[in-house]
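Hi,

Here is the structure I promised to pass on to you. Have a look at it first, and then read on for my notes.

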Amino acid sequence: MDMIFAAMLDALSLTTFLSVVLGVMIGIVIGAVPGLNAPMAIAVAIPLTFTMTPLAAIGMLVGVMKGGGFGGAIGAILLNTPGEPHSAATTLDGYPLAKGGKPRRALQTALYSSVAGDSCSDLVLILLAPTLAVFALRAGPVELAAILVISLTLIASLSGRSLAKGIFAAALGAFLATVGVDPETAAPRFTFGQVELFDGLPLAAVAIGVLAVPEIILRLQEGRRYSADASRGLANSEGDDRLTFGEFLTLRRTVFRGAGIGTAIGALPGLGTTLAAFLSYAATKRFSAAPEKLGTGATEGIAATESANSAVSGANLIPLLTLGIPGNLTAALLVGAFLIHGVTPGPLIFQRDTSLVYGLFAAMIMANVMVLIIGSLGLRVFALIVKVPPFVIYPIVLLLCVVGIYVSQGGFFAVWVMLAFAVLGFFMLKLEISIVCFIIGLVLGPMIELSIRQSVILLSRNPAAILDHPFALILFAASPFVAWLLIRDRNRLSDG
Amino acid sequence: MKHSKILALAAATMAFAVPAWADFPEKPINLVVGFRAGGGSDTAARILAAEMEEALGQKIIVENRGGAGGAVTTEYVRAQEPDGYSIGFAVATTFSFTPLTGSVAYTPDDVTFIATTHGYRTVMAAPLDAPFDDWAGMLDAAKERGWINYASIIPLDRAIMQYVGKKEDIAVNIVPTRGGAGARQAVLGGHVDLAFSGSNALPMMEDGALKVVVALNPEGIEEHPGIPTLDALGYGVSAVEAAVFFGPDDMDAETVAKLESVLAQAVQSDRFKDFVNNKFRGFETFKTGTETAEGIASDAKAYRDLLDFISE
């Protein structure tokens, strides 16, 4: 115990502090720029850390990760231009609230929920990592398939007014996710000879294309018609634009639920932030006292998604540190960085690299505090973005999207993909087909495909072995019941 | 003022005299890395790029074009001018195995090989509670039960395991996984009996988290002589994987020689050696462009035979 405190105190050096602060700032800025996102921020920051001490380097990357998590919410809330699929969940309430004249309130909710969710999952990581990791390992392909199927059922309640359109959108997303090399036979599917498509459609390009670009086009269409009324509306907002601490406390149930969902999903490698954010949103819709307000600018909606997706990042380190299994792209980049700095993840990491691991924990707590401080200071500045007329800001945003995708996805191919999906997104928007469902299909489709195919292969020689997976069986059996419940309650839950 | 005039004059003269006495490189070189930023392969490439920069006195601009195990980068680089200013970084199997699958348009003859800079080591790992400790035990267990669950990561390891299954007459249930993380998860959680893995299984084994039963690279695992290679077990197959620098077809021999010698020097740096041996846990090896091309040709032949045997 003394050693742990000594290690944590070691971490409180000026170098570590400054690198965490720098990391948080890089993360917030890159995360906030439309077209860029947290994994890109980390990829950019890794070469910067080559010459640092291991603790400073890892502290900085943790700072980037956490700063990027909050930064991603800024573009989603203020401009409706999410940089990552999971931020699409935050736009559902964040953008209407900001547009309704309360941008600062929306950002504050996102910031506090994000930091609260993150802190909860960090606490779980620090206290329970080795135990949880062993538990999480027991979830194999069969369990993951079951979790994904029931999650998809739960998320179906977000399909908007028309269930048929929602199912269509999710199926389209899942279909497009089959593009790429078949996981089993390595035969190319729907790649039309394009090597670039072998690993599937570039997800960031598709997400930004379908989510952000159509919004930019719509705003530009308004052009100079953007009336003085709207800006006056925003100017009037100053009064009750602020979220008081008391008001935030009323969201505590939502935030804790989000943090719980995010931590659980994060501890199970391979599920990821998008699932956590939407699952938490669906759960909030289910349990909310005023479900009809969700989707129209409720702080509850922002709190649900931001607490959940931030909680994933801390919990993702559970399988990463103890088993070397990265749960998502961000975590995979961190493994690379650990490797460079001579830290080998493994079950003995707490004994082998004690000072570094506890230093990392101290850096994580420090980063949470810094996100809160730097984020709060920045709120005023960020909120000003909505005062810039759309015909000035949106062309810049479009340019940033193109450049961001070109740089991060390696070339013009991804830019064309982004533009093609922008056309699709535009028509979906006009036809009121849920883009959210499309994204969910796109992100969860490959996970469901892989886990089900793995399960089938694993059980093919001995089908009776399915009885060794009682947890999965319960979830599978519950799915139709959950679906029935949700359809029954559709009227109460639907946002119409 | 005077200096800048002289410099300008000198620059102008040089611009005219380029073909006659141009000293390659006279402008920054683009190095296209076939893997995503932040991983072990990318890091090695960036360390080498930093060393090359120092030796050449020119900037090396590293760009990542990940995807399809280096094939995306190969397609990109081979479409560039063969002037030495666009070079690529991929692995040996990008050229020796991927073209055999019939899914890409290039062959090893469509590029100029510059050098091989370091080797990768690959193994098969089993869960800690597996009912066997070594290869023979694994075969016995598989024969007794009738089948074995194997987590595969890439088409080559899949082919090798199919080959073993056919030779030993055991049914191999090949479970596809995405990337090293999926296979790692499957083996640590005990969801499969055996899994393909990169050298990152070695520290896990040393921590007592899993068992390593066989090495697929012909060199074996130097620090753990107890782990046999597939080759030594009498199968005559192996997975030869190494980092390869290459350029478009028809590169000028002098340019290749220059890059080759700079790389030969770069792999000797302490920083790179430390990374390869202690962090990446690969092995030191250096091959010239010609040796690389020969090695890849003979690997490709071996893999062709392997695939023929499986499909018989």
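**A helix inside chain A**

Of the 16 residues of α12(A), 12 are buried, so this helix is largely enclosed by the rest of the structure. Please keep in mind throughout that this is a predicted model. The buried set in α12(A) includes T254(A), V255(A) and R257(A), and it runs on to G266(A) and A267(A). What do these buried residues pack against? Their partners are α6 (103–137), α13 (273–287), α14 (299–315) and α15 (317–323) of chain A. The length of the helix works out as well: α12 covers residues 252–267 of chain A, and at 1.5 Å a residue its 16 residues should span 22 Å, which agrees with the 22 Å between its end C-alpha atoms.

**Chain A as a whole**

Chain A contains 23 helices and 2 strands. Its radius of gyration is 22 Å, close to the 23 Å that the globule rule gives for 496 residues, so chain A is as compact as a globular protein of that length. Along the principal axes, its C-alpha atoms fill a box of roughly 65 × 60 × 50 Å. Buried residues account for 59% of the 496 residues in chain A. If you take the contacts in chain A with a separation of 6 or more, 80% of them come from residues 24 or more positions apart.

Another helix you may like is α21(A). With 26 residues at 1.5 Å each, α21(A) should span 38 Å, and its end C-alpha atoms are 36 Å apart, which agrees. Where does α21(A) kink? The kink, of about 35°, lies at L444(A), shortly before the proline P446(A).

Two loop residues in chain A also caught my eye. N80(A) is not a glycine, yet its phi is positive, near 60°. N80(A) sits in the loop between α4 (54–79) and α5 (87–99) of chain A, and it counts as buried because it has 24 C-beta neighbours inside 10 Å. F192(A) is another residue other than glycine with a positive phi, in this case near 50°. The loop that holds F192(A) runs between β2 (188–189) and α9 (203–222) of chain A. With 7 C-beta neighbours inside 10 Å, F192(A) counts as exposed.

**Where the chains meet**

The contact between the chains takes 42 residues from chain A and 37 residues from chain B. On the side of chain A that touches chain B, α3 (38–49), α16 (329–340) and α21 (435–460) each supply at least two residues. That side of chain A divides into 25 nonpolar, 11 polar and 6 charged residues.

**Chain B**

Chain B has 11 helices and 11 strands, and its C-alpha trace spans about 85 × 40 × 30 Å along its principal axes. Of its 312 residues, 53% are buried.

The domain assignment splits chain B into domain 1 (27–120 + 241–311) and domain 2 (122–215). Taken over C-alpha atoms, the centres of these two domains of chain B are 28 Å apart. Between them, 13 residues of domain 1 are in contact with 11 residues of domain 2. Helix α11 (residues 289–311) of chain B gives the most to the domain 1 side, with 4 residues. By class, that side of domain 1 has 7 nonpolar, 4 polar and 2 charged residues.

One last detail to look up: the peptide bond from F24(B) to P25(B) is cis, with omega near -5°. P25(B) lies in the loop between α1 (2–21) and β1 (29–33) of chain B.

Best wishes

Key:
Residues are numbered from 1 along each chain as its sequence is written. Chains are lettered from A and ligands numbered from 1 in the order in which they are written. This is a predicted model: local features need pLDDT of at least 70, side-chain atom pairs count only at pLDDT 80 or more; totals for chains, interfaces and linings use all residues. Two residues are in contact if their C-beta atoms, placed from the backbone, lie within 7 Å. Ala, Val, Leu, Ile, Met, Phe, Trp, Tyr, Cys and Pro count as nonpolar, Asp, Glu, Lys and Arg as charged, and the others, Gly among them, as polar. The expected span of a helix is 1.5 Å times one less than its number of residues. A residue is buried if 20 or more other C-beta atoms lie within 10 Å of its own, exposed if 12 or fewer, and partly exposed in between; C-beta atoms are placed from the backbone. The bend at a residue is the angle between axes fitted to the seven residues ending there and the seven starting there. Domain bounds come from an automatic or database domain assignment. The radius of gyration is taken over C-alpha atoms; the globule rule is 2.2 Å times the number of residues to the power 0.38.
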